[in-house]
Amino acid sequence: MSTPGPGLGLLTLSATLPSLNTSWCQKADTSILCSPQLQVIIFFFSLYLVAFGQGGHKPCVQAFGADQFDAQNPEEFKAKSSFFNWWYFGLCSGTLVAFLILNYIQDNLSWVLGFGIPCIIMVVALVVFLCGTTTYRYSVKRNEKSPFVRIGQVFVLAVRNWRTSSIAADKEAYGTLPSAGSEQYKFLNKALLAPDGSKEHGKVCCIGEVEEAKAVLRLVPIWATSLVYAVVLAQSSTFFTKQGATMDRSITTSVKIPAASLQAFISLTIVLSIPIYDCIFVPLARAWTGKPAGITMLQRIGTGMFLSAISMALAALTEMKRIKIAREHGLVDKPEATIPMSVWCLVPQYVVTGLSDMLTMVGLQEFFYDQVPNELRSIGLALYLSIFGVGSFLSGILISAIDKATGGSGGESWFPNNLNKAHLYYFYWLLAALSAIELALYFYFAKKYIYNRATRQMQS
(Lines give C-alpha, C1' and ligand atoms only; values in the text may rest on other atoms or scores of the structure.)
Protein backbone atom coordinates (compact mmCIF):
# COMPACT_ATOMS: atom_id res chain seq x y z
CA MET A 1 0.00 0.00 0.00
CA SER A 2 2.90 2.34 0.48
CA THR A 3 3.98 2.77 -3.15
CA PRO A 4 1.16 5.16 -4.27
CA GLY A 5 1.95 7.34 -1.22
CA PRO A 6 5.43 8.48 -2.39
CA GLY A 7 3.96 8.98 -5.88
CA LEU A 8 1.26 11.28 -4.51
CA GLY A 9 3.89 13.06 -2.44
CA LEU A 10 6.00 13.74 -5.53
CA LEU A 11 2.86 14.81 -7.41
CA THR A 12 2.22 17.36 -4.66
CA LEU A 13 5.84 18.51 -4.92
CA SER A 14 5.53 18.98 -8.69
CA ALA A 15 2.53 21.25 -8.11
CA THR A 16 4.43 23.14 -5.38
CA LEU A 17 7.50 23.99 -7.49
CA PRO A 18 5.92 26.78 -9.58
CA SER A 19 4.83 28.52 -6.37
CA LEU A 20 8.38 28.72 -5.00
CA ASN A 21 9.50 32.27 -4.40
CA THR A 22 11.34 33.50 -7.50
CA SER A 23 13.70 35.69 -5.48
CA TRP A 24 14.62 32.69 -3.28
CA CYS A 25 15.56 30.74 -6.42
CA GLN A 26 17.73 33.60 -7.65
CA LYS A 27 19.47 34.17 -4.30
CA ALA A 28 20.11 30.47 -3.74
CA ASP A 29 21.35 30.07 -7.32
CA THR A 30 19.19 26.97 -7.72
CA SER A 31 18.09 27.44 -11.30
CA ILE A 32 17.92 23.65 -11.74
CA LEU A 33 15.59 23.22 -8.77
CA CYS A 34 13.32 26.00 -10.01
CA SER A 35 13.38 25.07 -13.71
CA PRO A 36 10.16 24.05 -15.50
CA GLN A 37 11.99 20.97 -16.83
CA LEU A 38 12.43 19.62 -13.31
CA GLN A 39 8.76 20.12 -12.61
CA VAL A 40 7.79 18.17 -15.73
CA ILE A 41 10.21 15.36 -14.86
CA ILE A 42 8.89 15.05 -11.31
CA PHE A 43 5.30 15.26 -12.52
CA PHE A 44 5.59 12.40 -15.01
CA PHE A 45 7.79 10.32 -12.71
CA SER A 46 5.19 10.67 -9.94
CA LEU A 47 2.39 9.60 -12.31
CA TYR A 48 4.33 6.49 -13.31
CA LEU A 49 5.09 5.78 -9.66
CA VAL A 50 1.41 6.05 -8.73
CA ALA A 51 0.47 3.79 -11.66
CA PHE A 52 3.15 1.27 -10.65
CA GLY A 53 1.90 1.31 -7.07
CA GLN A 54 -1.72 0.86 -8.15
CA GLY A 55 -0.69 -2.09 -10.32
CA GLY A 56 0.63 -3.90 -7.26
CA HIS A 57 -1.81 -2.47 -4.73
CA LYS A 58 -5.18 -3.06 -6.39
CA PRO A 59 -5.09 -6.81 -7.08
CA CYS A 60 -3.05 -7.73 -3.99
CA VAL A 61 -4.96 -5.80 -1.33
CA GLN A 62 -8.32 -6.92 -2.73
CA ALA A 63 -7.21 -10.57 -2.80
CA PHE A 64 -5.82 -10.17 0.72
CA GLY A 65 -9.15 -8.78 1.91
CA ALA A 66 -11.10 -11.66 0.36
CA ASP A 67 -8.64 -14.14 1.90
CA GLN A 68 -9.89 -13.09 5.33
CA PHE A 69 -13.01 -15.21 4.68
CA ASP A 70 -12.98 -19.00 4.98
CA ALA A 71 -14.37 -20.38 1.71
CA GLN A 72 -15.17 -23.70 3.41
CA ASN A 73 -17.52 -22.03 5.87
CA PRO A 74 -20.98 -21.44 4.27
CA GLU A 75 -21.62 -18.27 6.29
CA GLU A 76 -18.21 -16.80 5.51
CA PHE A 77 -18.66 -17.80 1.86
CA LYS A 78 -21.78 -15.61 1.75
CA ALA A 79 -19.92 -12.80 3.53
CA LYS A 80 -17.08 -13.03 1.00
CA SER A 81 -19.50 -12.38 -1.84
CA SER A 82 -20.77 -9.30 0.03
CA PHE A 83 -17.16 -8.21 0.59
CA PHE A 84 -16.69 -7.60 -3.14
CA ASN A 85 -19.87 -5.52 -3.20
CA TRP A 86 -18.83 -3.33 -0.26
CA TRP A 87 -15.23 -3.13 -1.47
CA TYR A 88 -16.48 -1.56 -4.70
CA PHE A 89 -18.89 0.60 -2.71
CA GLY A 90 -15.95 2.09 -0.81
CA LEU A 91 -13.93 2.52 -3.99
CA CYS A 92 -16.74 4.37 -5.77
CA SER A 93 -17.50 6.46 -2.69
CA GLY A 94 -13.93 7.72 -2.80
CA THR A 95 -14.26 8.39 -6.53
CA LEU A 96 -17.48 10.32 -5.93
CA VAL A 97 -15.80 12.49 -3.31
CA ALA A 98 -12.92 13.12 -5.70
CA PHE A 99 -15.27 14.22 -8.49
CA LEU A 100 -17.36 16.48 -6.27
CA ILE A 101 -14.75 17.93 -3.87
CA LEU A 102 -11.21 17.44 -5.16
CA ASN A 103 -12.11 18.66 -8.67
CA TYR A 104 -13.47 21.85 -7.13
CA ILE A 105 -10.39 22.30 -4.92
CA GLN A 106 -8.01 21.79 -7.86
CA ASP A 107 -9.92 24.13 -10.19
CA ASN A 108 -10.78 26.90 -7.73
CA LEU A 109 -8.36 26.76 -4.78
CA SER A 110 -5.03 25.03 -5.25
CA TRP A 111 -3.50 22.10 -7.13
CA VAL A 112 -1.08 21.66 -4.24
CA LEU A 113 -4.00 21.16 -1.87
CA GLY A 114 -5.81 19.00 -4.41
CA PHE A 115 -2.86 16.58 -4.60
CA GLY A 116 -1.83 16.96 -0.98
CA ILE A 117 -5.16 15.83 0.51
CA PRO A 118 -5.08 12.39 -1.23
CA CYS A 119 -1.44 12.01 -0.14
CA ILE A 120 -2.34 12.62 3.52
CA ILE A 121 -5.33 10.26 3.26
CA MET A 122 -3.10 7.55 1.78
CA VAL A 123 -0.63 7.89 4.68
CA VAL A 124 -3.47 7.63 7.21
CA ALA A 125 -4.85 4.58 5.36
CA LEU A 126 -1.42 2.93 5.48
CA VAL A 127 -1.18 3.47 9.24
CA VAL A 128 -4.68 2.01 9.75
CA PHE A 129 -3.79 -0.97 7.55
CA LEU A 130 -0.61 -1.67 9.51
CA CYS A 131 -2.45 -1.45 12.83
CA GLY A 132 -4.39 -4.59 11.90
CA THR A 133 -1.30 -6.67 11.10
CA THR A 134 -1.69 -8.99 14.10
CA THR A 135 -5.36 -9.74 13.38
CA TYR A 136 -5.16 -10.72 9.70
CA ARG A 137 -5.43 -14.24 8.36
CA TYR A 138 -2.50 -15.35 6.21
CA SER A 139 -2.54 -18.08 3.58
CA VAL A 140 -0.16 -21.00 4.13
CA LYS A 141 1.66 -22.25 1.05
CA ARG A 142 1.05 -26.00 0.90
CA ASN A 143 2.84 -26.81 -2.35
CA GLU A 144 6.52 -25.99 -2.72
CA LYS A 145 6.24 -25.92 -6.50
CA SER A 146 5.27 -22.55 -7.98
CA PRO A 147 1.74 -22.50 -9.47
CA PHE A 148 3.22 -21.05 -12.67
CA VAL A 149 5.58 -24.01 -12.89
CA ARG A 150 2.78 -26.49 -12.18
CA ILE A 151 0.43 -25.08 -14.80
CA GLY A 152 3.19 -24.55 -17.35
CA GLN A 153 4.37 -28.12 -16.89
CA VAL A 154 0.88 -29.42 -17.70
CA PHE A 155 0.86 -27.65 -21.07
CA VAL A 156 4.44 -28.70 -21.85
CA LEU A 157 3.77 -32.36 -21.08
CA ALA A 158 0.44 -32.32 -22.94
CA VAL A 159 2.22 -31.01 -26.04
CA ARG A 160 5.04 -33.52 -25.58
CA ASN A 161 2.53 -36.37 -25.47
CA TRP A 162 0.37 -35.15 -28.32
CA ARG A 163 0.91 -38.47 -30.15
CA THR A 164 -0.18 -40.47 -27.11
CA SER A 165 -3.57 -42.18 -27.25
CA SER A 166 -6.36 -40.02 -25.88
CA ILE A 167 -8.12 -43.11 -24.61
CA ALA A 168 -5.29 -43.91 -22.18
CA ALA A 169 -5.20 -40.30 -20.97
CA ASP A 170 -8.97 -40.17 -20.51
CA LYS A 171 -8.93 -43.42 -18.59
CA GLU A 172 -6.22 -42.01 -16.30
CA ALA A 173 -8.30 -38.89 -15.66
CA TYR A 174 -11.80 -40.30 -15.34
CA GLY A 175 -10.74 -43.44 -13.54
CA THR A 176 -9.07 -41.45 -10.74
CA LEU A 177 -11.16 -38.26 -10.51
CA PRO A 178 -14.72 -38.40 -11.80
CA SER A 179 -15.13 -34.67 -12.30
CA ALA A 180 -17.32 -32.68 -14.68
CA GLY A 181 -14.31 -30.49 -15.40
CA SER A 182 -12.33 -33.47 -16.73
CA GLU A 183 -14.53 -33.57 -19.82
CA GLN A 184 -13.32 -30.13 -20.96
CA TYR A 185 -9.94 -29.55 -22.61
CA LYS A 186 -9.34 -33.30 -22.67
CA PHE A 187 -6.04 -32.83 -24.52
CA LEU A 188 -4.50 -31.70 -21.20
CA ASN A 189 -5.20 -35.17 -19.78
CA LYS A 190 -2.20 -36.34 -21.79
CA ALA A 191 0.00 -34.61 -19.20
CA LEU A 192 -0.95 -37.48 -16.87
CA LEU A 193 1.02 -39.99 -18.97
CA ALA A 194 4.70 -40.54 -19.63
CA PRO A 195 5.85 -40.64 -23.29
CA ASP A 196 5.52 -44.43 -23.45
CA GLY A 197 1.91 -44.24 -22.23
CA SER A 198 2.65 -45.45 -18.70
CA LYS A 199 2.55 -43.41 -15.51
CA GLU A 200 6.03 -42.60 -14.32
CA HIS A 201 6.66 -40.68 -11.10
CA GLY A 202 8.49 -37.40 -11.58
CA LYS A 203 7.80 -37.17 -15.31
CA VAL A 204 4.04 -36.68 -15.28
CA CYS A 205 1.56 -34.32 -13.66
CA CYS A 206 -0.99 -35.27 -11.04
CA ILE A 207 -4.73 -34.91 -11.49
CA GLY A 208 -4.88 -31.76 -9.34
CA GLU A 209 -2.28 -29.99 -11.50
CA VAL A 210 -4.19 -30.86 -14.69
CA GLU A 211 -7.41 -29.55 -13.14
CA GLU A 212 -5.63 -26.31 -12.20
CA ALA A 213 -4.47 -25.84 -15.79
CA LYS A 214 -8.00 -26.48 -17.06
CA ALA A 215 -9.40 -23.98 -14.57
CA VAL A 216 -7.05 -21.27 -15.88
CA LEU A 217 -7.78 -22.16 -19.51
CA ARG A 218 -11.54 -21.94 -18.89
CA LEU A 219 -11.08 -18.28 -17.92
CA VAL A 220 -9.77 -17.27 -21.36
CA PRO A 221 -13.16 -17.16 -23.21
CA ILE A 222 -14.74 -15.16 -20.37
CA TRP A 223 -11.79 -12.74 -20.40
CA ALA A 224 -11.96 -12.32 -24.17
CA THR A 225 -15.73 -11.81 -24.32
CA SER A 226 -15.46 -9.08 -21.66
CA LEU A 227 -13.24 -6.86 -23.82
CA VAL A 228 -16.09 -5.19 -25.72
CA TYR A 229 -17.65 -4.29 -22.38
CA ALA A 230 -14.36 -2.59 -21.43
CA VAL A 231 -14.38 -0.68 -24.75
CA VAL A 232 -17.91 0.55 -24.01
CA LEU A 233 -16.98 1.57 -20.48
CA ALA A 234 -14.07 3.65 -21.81
CA GLN A 235 -16.53 5.98 -23.56
CA SER A 236 -18.00 7.21 -20.27
CA SER A 237 -14.83 9.18 -19.50
CA THR A 238 -14.23 10.41 -23.07
CA PHE A 239 -17.10 10.95 -25.50
CA PHE A 240 -19.76 11.19 -22.80
CA THR A 241 -17.79 14.10 -21.31
CA LYS A 242 -17.38 15.73 -24.74
CA GLN A 243 -21.11 15.49 -25.29
CA GLY A 244 -21.78 17.18 -21.97
CA ALA A 245 -19.29 19.97 -22.68
CA THR A 246 -21.40 21.18 -25.62
CA MET A 247 -24.72 21.20 -23.73
CA ASP A 248 -26.41 23.55 -21.27
CA ARG A 249 -24.80 22.69 -17.91
CA SER A 250 -26.35 25.51 -15.93
CA ILE A 251 -27.74 24.82 -12.48
CA THR A 252 -28.33 28.50 -11.75
CA THR A 253 -27.49 31.61 -13.72
CA SER A 254 -23.99 31.64 -12.24
CA VAL A 255 -23.28 27.96 -11.48
CA LYS A 256 -22.43 25.34 -14.10
CA ILE A 257 -21.66 21.65 -13.74
CA PRO A 258 -18.09 20.94 -14.91
CA ALA A 259 -18.24 18.51 -17.83
CA ALA A 260 -15.78 16.13 -16.14
CA SER A 261 -17.94 16.01 -13.01
CA LEU A 262 -20.76 14.37 -14.95
CA GLN A 263 -18.97 11.07 -14.33
CA ALA A 264 -20.01 11.45 -10.71
CA PHE A 265 -23.45 10.17 -11.79
CA ILE A 266 -21.87 6.77 -12.45
CA SER A 267 -20.26 6.65 -9.01
CA LEU A 268 -23.43 7.97 -7.37
CA THR A 269 -25.51 5.26 -9.07
CA ILE A 270 -23.10 2.57 -7.86
CA VAL A 271 -23.04 3.94 -4.31
CA LEU A 272 -26.85 3.96 -4.18
CA SER A 273 -27.43 0.63 -5.93
CA ILE A 274 -24.92 -1.59 -4.08
CA PRO A 275 -26.74 -1.41 -0.69
CA ILE A 276 -30.03 -2.16 -2.47
CA TYR A 277 -28.45 -5.08 -4.33
CA ASP A 278 -26.67 -6.58 -1.33
CA CYS A 279 -29.31 -5.96 1.35
CA ILE A 280 -32.53 -6.45 -0.63
CA PHE A 281 -31.98 -8.23 -3.94
CA VAL A 282 -29.49 -10.89 -2.75
CA PRO A 283 -31.64 -12.15 0.19
CA LEU A 284 -34.74 -12.31 -2.05
CA ALA A 285 -32.87 -14.04 -4.87
CA ARG A 286 -31.21 -16.40 -2.36
CA ALA A 287 -34.62 -17.47 -1.06
CA TRP A 288 -35.77 -18.09 -4.65
CA THR A 289 -32.68 -19.83 -6.10
CA GLY A 290 -31.01 -21.25 -3.00
CA LYS A 291 -27.63 -19.88 -4.12
CA PRO A 292 -25.48 -18.07 -1.50
CA ALA A 293 -25.12 -14.93 -3.66
CA GLY A 294 -28.65 -15.07 -5.07
CA ILE A 295 -27.45 -15.49 -8.65
CA THR A 296 -24.21 -16.93 -10.03
CA MET A 297 -21.22 -14.75 -10.82
CA LEU A 298 -21.60 -15.33 -14.57
CA GLN A 299 -25.30 -14.40 -14.45
CA ARG A 300 -24.40 -11.15 -12.72
CA ILE A 301 -21.69 -10.36 -15.27
CA GLY A 302 -24.00 -11.11 -18.20
CA THR A 303 -26.76 -8.88 -16.84
CA GLY A 304 -24.29 -6.00 -16.58
CA MET A 305 -23.13 -6.58 -20.16
CA PHE A 306 -26.74 -6.41 -21.34
CA LEU A 307 -27.16 -3.07 -19.58
CA SER A 308 -23.94 -1.75 -21.16
CA ALA A 309 -25.46 -2.40 -24.59
CA ILE A 310 -28.59 -0.51 -23.49
CA SER A 311 -26.40 2.41 -22.34
CA MET A 312 -24.90 2.67 -25.83
CA ALA A 313 -28.34 2.70 -27.42
CA LEU A 314 -29.42 5.47 -25.03
CA ALA A 315 -26.23 7.42 -25.78
CA ALA A 316 -26.87 7.11 -29.52
CA LEU A 317 -30.46 8.36 -29.21
CA THR A 318 -29.39 11.29 -27.02
CA GLU A 319 -26.62 12.22 -29.47
CA MET A 320 -29.05 12.13 -32.40
CA LYS A 321 -31.32 14.52 -30.50
CA ARG A 322 -28.37 16.81 -29.68
CA ILE A 323 -27.31 16.99 -33.34
CA LYS A 324 -30.90 17.67 -34.42
CA ILE A 325 -31.21 20.60 -31.99
CA ALA A 326 -27.82 21.98 -33.15
CA ARG A 327 -29.04 21.94 -36.75
CA GLU A 328 -32.40 23.51 -35.88
CA HIS A 329 -30.64 26.42 -34.14
CA GLY A 330 -27.93 26.87 -36.79
CA LEU A 331 -25.11 25.88 -34.43
CA VAL A 332 -23.49 23.16 -36.54
CA ASP A 333 -20.60 25.44 -37.55
CA LYS A 334 -20.26 26.96 -34.07
CA PRO A 335 -18.43 24.34 -31.95
CA GLU A 336 -17.94 26.77 -29.05
CA ALA A 337 -21.64 27.60 -28.77
CA THR A 338 -23.79 25.95 -26.12
CA ILE A 339 -26.47 23.67 -27.51
CA PRO A 340 -29.86 24.63 -25.98
CA MET A 341 -30.32 21.13 -24.58
CA SER A 342 -30.09 20.36 -20.88
CA VAL A 343 -27.17 18.24 -19.75
CA TRP A 344 -29.64 16.29 -17.62
CA CYS A 345 -30.60 14.45 -20.82
CA LEU A 346 -27.32 12.56 -20.41
CA VAL A 347 -28.23 11.30 -16.95
CA PRO A 348 -30.05 8.12 -18.16
CA GLN A 349 -27.00 6.84 -20.04
CA TYR A 350 -24.79 7.60 -17.02
CA VAL A 351 -27.20 5.83 -14.65
CA VAL A 352 -27.48 2.72 -16.83
CA THR A 353 -23.69 2.69 -17.17
CA GLY A 354 -23.42 2.85 -13.38
CA LEU A 355 -25.82 -0.09 -12.95
CA SER A 356 -23.91 -2.05 -15.56
CA ASP A 357 -20.67 -1.19 -13.81
CA MET A 358 -22.00 -2.33 -10.43
CA LEU A 359 -23.04 -5.72 -11.79
CA THR A 360 -20.24 -6.57 -14.21
CA MET A 361 -17.23 -5.04 -12.46
CA VAL A 362 -17.99 -6.63 -9.09
CA GLY A 363 -18.94 -9.89 -10.79
CA LEU A 364 -15.66 -10.01 -12.70
CA GLN A 365 -13.68 -9.24 -9.54
CA GLU A 366 -15.28 -12.10 -7.63
CA PHE A 367 -15.12 -14.46 -10.62
CA PHE A 368 -11.40 -14.01 -11.36
CA TYR A 369 -10.57 -14.21 -7.66
CA ASP A 370 -12.65 -17.32 -7.01
CA GLN A 371 -11.92 -19.42 -10.12
CA VAL A 372 -8.10 -19.44 -10.13
CA PRO A 373 -5.86 -21.68 -7.99
CA ASN A 374 -5.47 -20.36 -4.43
CA GLU A 375 -1.87 -19.19 -4.91
CA LEU A 376 -2.84 -17.23 -8.05
CA ARG A 377 -5.68 -15.16 -6.64
CA SER A 378 -3.83 -11.84 -6.84
CA ILE A 379 -2.85 -12.79 -10.41
CA GLY A 380 -6.51 -13.57 -11.09
CA LEU A 381 -7.50 -10.06 -10.00
CA ALA A 382 -4.66 -8.64 -12.09
CA LEU A 383 -6.14 -10.58 -15.02
CA TYR A 384 -9.49 -8.92 -14.28
CA LEU A 385 -7.83 -5.48 -14.31
CA SER A 386 -6.10 -6.30 -17.60
CA ILE A 387 -9.53 -6.51 -19.26
CA PHE A 388 -9.94 -2.76 -18.82
CA GLY A 389 -6.35 -1.93 -19.73
CA VAL A 390 -6.61 -3.90 -22.98
CA GLY A 391 -10.12 -2.55 -23.53
CA SER A 392 -8.86 1.03 -23.34
CA PHE A 393 -6.17 0.27 -25.93
CA LEU A 394 -8.74 -1.41 -28.18
CA SER A 395 -11.01 1.62 -27.84
CA GLY A 396 -8.19 3.89 -29.00
CA ILE A 397 -7.31 1.58 -31.89
CA LEU A 398 -10.95 1.31 -32.96
CA ILE A 399 -11.46 5.08 -32.90
CA SER A 400 -8.22 5.68 -34.85
CA ALA A 401 -9.15 3.05 -37.45
CA ILE A 402 -12.67 4.48 -37.93
CA ASP A 403 -11.32 8.03 -38.10
CA LYS A 404 -8.80 7.02 -40.76
CA ALA A 405 -11.36 5.01 -42.73
CA THR A 406 -14.08 7.68 -42.69
CA GLY A 407 -11.87 10.78 -42.87
CA GLY A 408 -9.49 9.62 -45.58
CA SER A 409 -9.58 10.90 -49.17
CA GLY A 410 -11.47 14.01 -48.14
CA GLY A 411 -14.29 12.07 -46.52
CA GLU A 412 -16.30 13.17 -43.50
CA SER A 413 -14.78 11.66 -40.38
CA TRP A 414 -17.01 10.34 -37.61
CA PHE A 415 -14.81 12.20 -35.13
CA PRO A 416 -14.02 15.75 -36.35
CA ASN A 417 -12.86 18.42 -33.92
CA ASN A 418 -16.27 20.04 -34.25
CA LEU A 419 -18.53 17.63 -32.35
CA ASN A 420 -21.60 19.20 -33.97
CA LYS A 421 -20.44 17.79 -37.31
CA ALA A 422 -19.48 14.42 -35.87
CA HIS A 423 -21.28 11.13 -36.38
CA LEU A 424 -20.79 10.02 -32.81
CA TYR A 425 -24.16 8.29 -32.82
CA TYR A 426 -22.88 5.96 -35.58
CA PHE A 427 -20.07 4.96 -33.23
CA TYR A 428 -22.49 4.39 -30.36
CA TRP A 429 -24.73 2.21 -32.54
CA LEU A 430 -21.65 0.26 -33.65
CA LEU A 431 -20.69 -0.36 -30.03
CA ALA A 432 -24.26 -1.40 -29.24
CA ALA A 433 -24.12 -3.93 -32.09
CA LEU A 434 -20.70 -5.20 -30.96
CA SER A 435 -22.08 -5.50 -27.42
CA ALA A 436 -24.96 -7.63 -28.71
CA ILE A 437 -22.50 -9.94 -30.52
CA GLU A 438 -20.29 -10.05 -27.43
CA LEU A 439 -23.30 -10.92 -25.27
CA ALA A 440 -24.25 -13.83 -27.53
CA LEU A 441 -20.71 -15.22 -27.41
CA TYR A 442 -20.54 -14.66 -23.67
CA PHE A 443 -23.78 -16.57 -23.07
CA TYR A 444 -22.44 -19.44 -25.17
CA PHE A 445 -19.23 -19.74 -23.16
CA ALA A 446 -20.92 -19.02 -19.83
CA LYS A 447 -23.39 -21.83 -20.42
CA LYS A 448 -20.53 -24.27 -21.00
CA TYR A 449 -18.42 -22.95 -18.13
CA ILE A 450 -17.83 -25.34 -15.22
CA TYR A 451 -17.09 -23.71 -11.86
CA ASN A 452 -14.31 -25.10 -9.70
CA ARG A 453 -15.24 -27.81 -7.21
CA ALA A 454 -15.35 -25.56 -4.12
CA THR A 455 -17.78 -23.13 -5.78
CA ARG A 456 -19.97 -25.97 -7.08
CA GLN A 457 -20.23 -27.41 -3.58
CA MET A 458 -21.25 -24.07 -2.09
CA GLN A 459 -23.82 -23.37 -4.84
CA SER A 460 -25.37 -26.83 -4.67
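**A tour of the enclosed spaces**

Begin by selecting Y229, V232, L233, S308, S311, T353, S356 and D357, which together line the second largest cavity of this structure, and keep in mind while looking that the model is a predicted one. If you colour the chain by its helices, you will find that the elements giving two or more residues to this lining are α9 (227-234), α12 and α13. The space that these residues enclose amounts to about 30 Å³, and when the lining of this second largest cavity is sorted by class, three residues are nonpolar, four are polar and one is charged.

How many cavities of 30 Å³ or more are there to visit? The count comes to two, and the next stop is therefore the largest cavity, which holds about 160 Å³ of space.

Select S81, A293, I295, M297 and E366 now, since among the 20 residues lining the largest cavity these lie nearest its centre. Then widen the view to the helices around them: α4 (74-108), α11 (264-289), α12 (297-328), α13 (347-370) and α16 (453-459) are the elements that give two or more residues to the lining of the largest cavity.

Which helix should be highlighted for the largest share of that lining? Highlight α4, which supplies five residues.

To finish, colour the lining of the largest cavity by residue class, and you should see seven nonpolar, seven polar and six charged residues. As you move between the two stops, follow α12 and α13, which are listed for the lining of the second largest cavity and also for that of the largest cavity.

How values were computed. Residues numbered from 1 in each chain as written. Predicted model: local features only at pLDDT ≥ 70, side-chain atom pairs only at ≥ 80, totals over all residues. Heavy atoms only, no water. 1 Å grid on protein atoms, 1.4 Å probe; cavity = no way out; pocket = protein on both sides within 12 Å on 5 of 7 lines; lining within 4 Å. Points joined across faces, edges and corners; volume = space filled by probe spheres on them. Helix = DSSP H or I, 4+ residues; strand = E, 2+ residues; numbered from the N terminus. Nonpolar A, V, L, I, M, F, W, Y, C, P; charged D, E, K, R; others polar.
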